[in-house]
Amino acid sequence: MKNFLKSILFLIILAVLVEGISFLFIPGNNIKKYGLYKVSAYDILAEDTDTIDVIAVGDSLIYSSLSPMVIWNQLGYTVFDCAEPAQIIPDTLDYLKVAIESQHPKIILMEANVLFRDPSKKKTETIITKRIKNRIPIIKYHDNWKKYISYGSKKNWINYYKGYKFITKVKPSKPKKYMSGSKKSREIPKGNIEYFEQILELCKENNTKLVLVSFPTQLTWSSKKHNAIQQLSEKYELEFVDLNLVDLGINWETDTKDSGGHLNYLGAKKVSEYIGTYLQNTNLLQDHRDEKKYASWHKAYQMYLKKYQKTLNKN
């Protein structure tokens, strides 16, 4: 009995110590409510207040297809990718709520594929995990400490590619007839529409234009998904840009990193140039390239350009 009590006491003391020490790992410029355990989707928090024109939110198709630096160089618009692999729509809503606290974007580009991902299983797991991690931050931030240690500066975690992941890998694919022209529609999982309507309401409250976008992918998209999103966009009077139906000049032999699933940097440049023109045609944005407030974006572009040219020379 005495040994049992000693064991219980030891565990209590250990739990208190772990919880206390954990707070050394909380990001210096983060606050608890942000729940910053998925770093890439929250890198936008390092940006100066009200400097982002467009937020792109969604799954890996966002951060592999849309390069904000291309659009900055082309038109001087500030775009930021808030994306994570296999993002579910409850997380899409959470990320937008957090981002809009410090940014008031004119446009939100939402990757349509998240609407087809069933969040039911992941949602339960996420709720439990978040509660544990909120209680013990060392678990929550265990792999972030090098970049986000408590006494660091927000400047230390600026994402110079603005959420885009520069992918140099090339794994070719032959063109596939994945947009078959089917008249059937893919079913959107139950409950996702409710979250979608909350995103719509959030955009209305902040006077932000919501645009649904599908980025090029031969493995994830289909005519059935297109039809479902087309019907949804018509119901809610939204614009839907399906880049799988646009001739962007994508070469599936050179522009994909994984046999047609995602684009690499070559494909992303083509997509980003098209999206830049689309954004220009909305007449909602202005060119910031001559504004001192955005000087850091010129620096970011030079870093991107250096990487781009180095990769071209290597290949």
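**Notebook: Met303, two helices and their aromatic rings**

I started at Met303, which counts as partly exposed because its relative accessibility is 36%. This is a predicted model, and I kept that in mind throughout. I placed Met303 in helix α11. Which residues does Met303 contact, leaving aside neighbours within four places in sequence? I found Tyr160 and Tyr161. For Met303 and Tyr161 I noted a C-alpha to C-alpha distance of 8.3 Å, with their positions 142 residues apart in sequence.

**Entry: the whole protein**

I stepped back for an overview. I counted eleven helices and five strands in the protein. Of its 315 residues, 50% are buried. I also looked up contacts between residues at least 6 apart in sequence, and 85% of them join residues at least 24 apart. The exposed surface comes to about 16,200 Å², with carbon and sulfur atoms supplying 54% of it.

**Entry: helix α11**

Back to the helix that holds Met303. Helix α11 runs over residues 295–314, and its end C-alpha atoms are 29 Å apart, which agrees with the 28 Å that its 20 residues should span at 1.5 Å a residue. Which residues of α11 are buried? My list reads Trp297, Ala300, Tyr301, Tyr304, Tyr308 and Thr311. Seen down the axis, these buried residues of α11 fall within an arc of 100°, so they line one face of the helix. I then asked what they pack against, and found α3 (68–75), β2 (79–83) and α10 (265–281). On the other side of α11 I noted the exposed residues Lys299, Gln302, Lys306, Lys310, Asn313 and Lys314.

**Entry: aromatic pairs**

Next I searched the whole structure for aromatic pairs, and twelve turned up. One of them joins Trp72 and Trp297 in a tilted arrangement, 5.5 Å centre to centre with 40° between the planes. Trp72 lies in helix α3 and Trp297 in helix α11, so this pair ties together parts that are 225 residues apart in sequence. How accessible are the two partners? Trp72 is buried at 1% relative accessibility, and Trp297 is buried at 2%.

I looked at Phe166 and Tyr265 after that: a stacked pair, 5.3 Å centre to centre, with 20° between the planes. Phe166 sits in the loop between α7 (145–148) and α8 while Tyr265 belongs to helix α10, so the pair ties together parts 99 residues apart in sequence. Both Phe166 and Tyr265 are buried.

Ring pairs also link a cluster made of Tyr161, Tyr164, Phe166, Tyr265, Tyr301, Tyr304 and Tyr308. I was pleased to meet Tyr161 again here, as a contact of Met303.

**Entry: lysines over rings**

I checked for charges over ring faces. Lys162 lies over the face of Trp297, 4.5 Å from the ring centre. The charged end of Lys165 sits over the ring of Tyr63, at 4.9 Å from its centre.

**Entry: helix α8**

Last stop, helix α8, residues 192–205. Its 14 residues reach 20 Å from first C-alpha to last, close to the 20 Å expected at 1.5 Å a residue. The buried residues of α8 are Asn192, Tyr195, Phe196, Ile199, Leu200, Leu202 and Cys203. They cover an arc of only 160° around the axis, which puts them on the same side of α8. What does the face turned away from that side carry? I wrote down the exposed residues Glu194, Lys204 and Glu205. Just after α8, I noted that Asn207 takes a positive phi of about 55°.

Notes:
Residues are numbered from 1 along each chain as its sequence is written. This is a predicted model: local features need pLDDT of at least 70, side-chain atom pairs count only at pLDDT 80 or more; totals for chains, interfaces and linings use all residues. Side-chain values use heavy atoms; hydrogens and water are left out. Helices (H or I, at least four residues) and strands (E, at least two) are DSSP runs, numbered from the N terminus. The expected span of a helix is 1.5 Å times one less than its number of residues. Buried means under 20% relative accessible area, exposed over 50%, partly exposed in between (1.4 Å probe, protein chains only). The arc is that of the directions from the helix axis to the C-beta atoms. Contact means heavy atoms within 4.5 Å. Accessible areas come from the Shrake-Rupley method with a 1.4 Å probe; for residues, only the protein chains shown count as cover. Rings of Phe, Tyr and Trp (its six-membered ring) pair if their centres lie within 6.5 Å; planes under 30 degrees apart count as stacked, over 60 as edge-to-face and the rest as tilted. A charge sits over a ring if NZ of Lys or CZ of Arg is within 6 Å of the ring centre and within 35 degrees of the ring normal.
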